[in-house]
Amino acid sequence: MPNRVLISGASVAGPALAYWLGRAGCETTVVEAAAALRRGGYAVDFRGPTHLEVLRRMGVLEAIRDNQTGGRTTRFVRRSGETILTMPPEFTGGDLEIPRSTLSRLLHERSRNNVEYIFGDKITAMTQDADGVDVTFLHAASRRFDLVIGADGMHSGVRGIAFGPDDDYVTGLGYQIAGWDVPTVEDLRGETLVLNAPGTLISVFPHAGDPSRTNVLCLYAEQTAPPSLDARVRQLGQRVAGHGWMVPSLLADLPQATDLYCDTIARVDVPTWWNKRVALLGDAACGATLTGMGTGTAVVGAYTLAHEILNAGSDYESAFLRYEQLLRPYAQRGQAGARSAVKMLVPMSRTAIWLRNQFLSTAMGRRLALSENSKEAEKLQLTDYQTT
């Protein structure tokens, strides 16, 4: 097996991969641009037996269950606050939901004894040759590794260096997403409240880690976003202003938000997930916003990539090839739901909103919506590497 592996990213995919490699005795380093484990972010979920089986094999399933949020009922409301329809927790929460920051902490705790973590730094350059990869960091001294894995999200820095710019691999789906937190909204009752206007969704729900705060999530139809954060915030305000309900107070609290997030709703398509000694994992290879499959795919991918690397010995190219052959069809099925998910959540006309609500109000509509959320998670037979 390779002696030295560098992983970029300490959110979910990176620590999951580090756990398997470090446990097997591989000299593993994780570098993360943030100064510490990130505390923000929303809840993430796992769906179907494949996700849960990988978590069980990692020995983390019960800890996740102990820290799960339990999911939330979703209420679609009118501008007056009157309820239009109510959906059960499974509509957004999958089989097991947990705050992303808590999941990241659990994976870090289980890997840190066998893994070197470097926070507050990032890769700025890489040079590959027949025997390894020379890596330059922003702060730390340059080092040499056998393999480098980019597990650093949809806008992966490793992918940018070794494969090419975002524009080559990231495709916007015609919508923008923004999230921030505000002081607790008293009438939430532990639920998610959703208001739609044509081409816009704005929702509020309990903060996953701080009962004194409430999360706000806004989706709106817009092909492109301005380059600066200030301009994006102005664009957001222009799109949702005048929607009534609690929107004015949510916008008023935006300047004081401690965890503001803005991005384009998109999917990542990379023709080949590896380039010589550098490979991609999770959203860096196959991300897609709003599918609900990204976190599960990340841990399944980490399990598969780690064991293929360990089984292949020095033949890393065979390991990368096998990993991609196993994971790509599964990941692409999960990605396919991104466009349909955002169209359902953000109808473009009042008529489309009404039709969506009528559909979800029927027993058949609910069954179809709930089965659509989980069906792709069922379709991967895990390799039992422990017996091969």
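1. Let's start with Glu324: in this predicted model, Glu324 is buried, with a relative accessible area of 9%. Its partner Arg328 counts as buried too, at 18% relative accessibility, because the cut-off for buried is under 20%. The two side chains meet in a salt bridge, with 2.6 Å from N to O. Both residues belong to helix α11 (residues 316-335), where they sit four residues apart, about one turn of the helix.

2. Now have a look at helix α5 (residues 100-111), which holds both Arg105 and Glu109, again four residues apart and about one turn of the helix. Their side chains form a salt bridge of 3.1 Å, N to O. Is this pair buried or partly exposed? Arg105 is partly exposed at 33% relative accessibility, and Glu109 is partly exposed as well, with a relative accessible area of 29%.

3. A further pair is Arg239 and Glu222, whose closest N and O atoms are 3.3 Å apart in a salt bridge. Arg239 lies in helix α7 (residues 229-240), while Glu222 is in the loop between β15 (213-221) and α7, so this pair ties together parts that are 17 residues apart in sequence. Arg239 is partly exposed at 24% relative accessibility, and Glu222 is partly exposed with a relative accessible area of 27%.

4. Which residues are linked in a network of salt bridges? Glu53, Arg56 and Arg57 are, so try finding them in the structure above.

5. Finally, the wider picture: a search of the whole structure finds 20 salt bridges. As a reminder, side chains of opposite charge can pair when their charged atoms come close.

Terms used. Residues numbered from 1 in each chain as written. Predicted model: local features only at pLDDT ≥ 70, side-chain atom pairs only at ≥ 80, totals over all residues. Heavy atoms only, no water. Salt bridge = Lys/Arg side-chain N within 4 Å of Asp/Glu carboxyl O. Helix = DSSP H or I, 4+ residues; strand = E, 2+ residues; numbered from the N terminus. Buried < 20%, exposed > 50% of the residue type's maximum accessible area, 1.4 Å probe, protein only.
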